[in-house]
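Thanks for making the time, everyone. I would like to walk through one model with you this morning, going from single residues out to the sheet, the cores and the domains.

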Amino acid sequence: MAQTYKIAVLAGDGIGPEITQQALRVLKLVEEKRDVHFDCQHAEFGASAYFSTGKSFPDATKKACDEADAILKGPIGLSHEESEKIPVEERPERGALLPMRRRLNTYANFRPISLPKGMAHFSPLKAEVVGEGIDILLVRELVGGLYFGGKERGETEEGLRYVKETLEYDEQQIRQILIIAFQEAMKRKKVLHNIHKSNVLISSVLWNEVLEEVAVDYPEVNVIHMLVDAAATHLCLNPCQFDVMVMENMFGDILSDQGGGILGSLGLMPSACMGPDKAYYEPSHGSAPDIAGKNLANPYSMIGSVALMLDMSFGMADEAKAVWQAMQSVFEAGFSTGDLSQAGSDITLLSTTEFGDKVMAALQDLL
Ligand code: IPM
Ligand code: MG
């Protein structure tokens, strides 16, 4: 009997459903070519879930996630005006995404910032800076720090409104993400950039102390310490110096978007969110409501998230590799999507479905 995996599919908002559709075609093809069955349970999540059920993370979706072996999640969120119609606590980021991260304890977020040579022309950086391409793994702590620390809002004795939000980590939270980063560094070039702000934040001081302790178990890994502001500059000036980078939650949010910037588009940024028991996979970008439903979105990040799922949740590394190759071959053949190129250049722009068609055609031969 074929190996069966249960996948909860949360298509999300905006461009979510259309890019998810392309990602599911890829899963279907893998299913046809291999002795494996993907049992996909669709469930609502995000703003669309709020408008149909009154909750942005409905109980039925929680159940589907609990029962699944892995979760494939599209982007969530709406335009500013549409979001205003949702009570603050139910808005998709606060009401769905962060609760999901906490519930599944997906503390390790893998964000590959990758641009193979054949796609290097998409980078806004000079060709000599990009060289043979960019290949960075950004490891972001995902369930701690400012995002999840205590929050308070009130009025001072003088009647001024104030807020207080706290950046909280204990050593165990820090240790577990650093271990993941060292393990990844061991699988790659054995170089780990530790991104911090210890000249100002005591959270970074503790982070670095724990790093020294963890590093003892990985003597082969060359650790390079870099302040987060400097790292932002280095990502632009010399991205090829980086291999694995590790950092706390908020730093990772910001630098991973910059990662999308140096590739040419956030549309090239899939991600894996790994917990002790379960993982979910999602693009790093938002739901692009301005182009939703127009068949314009680039599904690369969503299909890439499927590739990460095949590799990291189902142990199908070869199939994952084929998916990356298929997508890259489409770009290498001179095609593009609207996020990466302007219309009118000599590059042929593909719609969401056309990109999917070409990926499927390439994958047919690769699998
Ligand atoms: C990301 C996103 C989220 C984050 C938002 C949607 C809450 O920007 O996954 O990077 O800040 O983590
Ligand atoms: Mg972000």
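Before anything else, let me fix one term, since I will lean on it throughout: a residue counts as buried under 20% relative accessible area, as exposed over 50%, and as partly exposed in between. Please also keep in mind that what you see is a predicted model.

With that cut-off in hand, take C40, whose relative accessible area is 29%, so that C40 counts as partly exposed. C40 takes part in no disulfide, and the nearest cysteine sulfur, which belongs to C65, is 13 Å away. C236 can be read in a similar way: C236 has a relative accessible area of 34% and is therefore partly exposed, while the nearest cysteine sulfur, that of C240, lies 12 Å away and C236 is in no disulfide. For the structure as a whole, the number of disulfides is 0.

Let me turn to the sheet. In what order do the strands of the open sheet run? There are 10 strands, with mixed pairing, and the order is β2-β1-β3-β12-β11-β4-β5-β10-β8-β9. The edges are formed by β2, residues 36-42, and β9, residues 222-227, each of which pairs on one side only. From one strand to the next, the twist averages 25°.

Within that order, β3, residues 70-73, and β12, residues 279-283, run parallel and are joined by 2 bridges, and here I71 has Y280 of β12 as its bridge partner. Two helices should be mentioned alongside these strands. Helix α11, residues 300-312, packs on the sheet and touches β1, β2, β3, β4, β11 and β12, with its direction at about 40° to that of β11. Helix α1, residues 16-33, lies across β1, β2, β3 and β12, and runs at about 155° to β2.

Now for β4 itself, where I would ask: how many of the 9 residues of β4 are buried? The count is 7, so β4 is largely enclosed by the rest of the structure. On one pairing, β4 and β5, residues 133-141, run antiparallel and are joined by 9 bridges, with L115 standing opposite I134 of β5. In the other, β4 and β11 are again antiparallel, joined by 3 bridges, and F110 stands opposite A272 of β11.

Just along from there, I would like to pause on L142, which is found in the loop between β5 and β6. Is L142 buried or exposed? Its relative accessible area is 0%, so L142 is buried. Leaving aside residues up to four places away in sequence, L142 touches R101, T106, Y107, N109, F148, N249, C273 and Y280. For a sense of distance, L142 and M309 are 167 residues apart in sequence, and their C-alpha atoms are 18 Å apart in space.

That brings me to the cores. The largest nonpolar core has 96 residues, and those with the most contacts inside it are F38, L72, L255, Y281, L310, F314 and F355. This core draws at least three residues from each of domain 1 and domain 2. F38, one of the residues just named, touches Y5, I7, L27, V30, E31, L310, F314 and M316, again not counting residues up to four places away in sequence. A second, separate core has 17 residues, among them A8, A43, C65 and M100.

As for the domains, the assignment gives domain 1 as 1-106 + 275-367 and domain 2 as 130-265. Their centres, taken over C-alpha atoms, are separated by 25 Å, and 9 residues of domain 1 are in contact with 8 residues of domain 2.

Finally, two backbone details that you may wish to look at on the screen. K190, in the loop between α7 and β8, has a phi near 65°, which is a positive value in a residue other than glycine, and K190 is partly exposed, at 28% relative accessible area. A288, in the loop between β12 and α11, likewise has a positive phi, near 40°, without being glycine, and A288 is partly exposed at 25%.

Methods: Residues are numbered from 1 along each chain as its sequence is written. Chains are lettered from A and ligands numbered from 1 in the order in which they are written. This is a predicted model: local features need pLDDT of at least 70, side-chain atom pairs count only at pLDDT 80 or more; totals for chains, interfaces and linings use all residues. Side-chain values use heavy atoms; hydrogens and water are left out. Two strands pair if DSSP finds at least two bridges between them. Helices (H or I, at least four residues) and strands (E, at least two) are DSSP runs, numbered from the N terminus. Axes are lines fitted to C-alpha atoms, for helices over the stretch in contact, and angles run from 0 to 180 degrees between N-to-C directions. Contact means heavy atoms within 4.5 Å. A disulfide is a pair of cysteine sulfur atoms within 2.5 Å. Buried means under 20% relative accessible area, exposed over 50%, partly exposed in between (1.4 Å probe, protein chains only). A nonpolar core is a set of buried Ala, Val, Leu, Ile, Met, Phe, Trp, Tyr and Cys residues joined through side-chain atoms within 4.5 Å. Domain bounds come from an automatic or database domain assignment.
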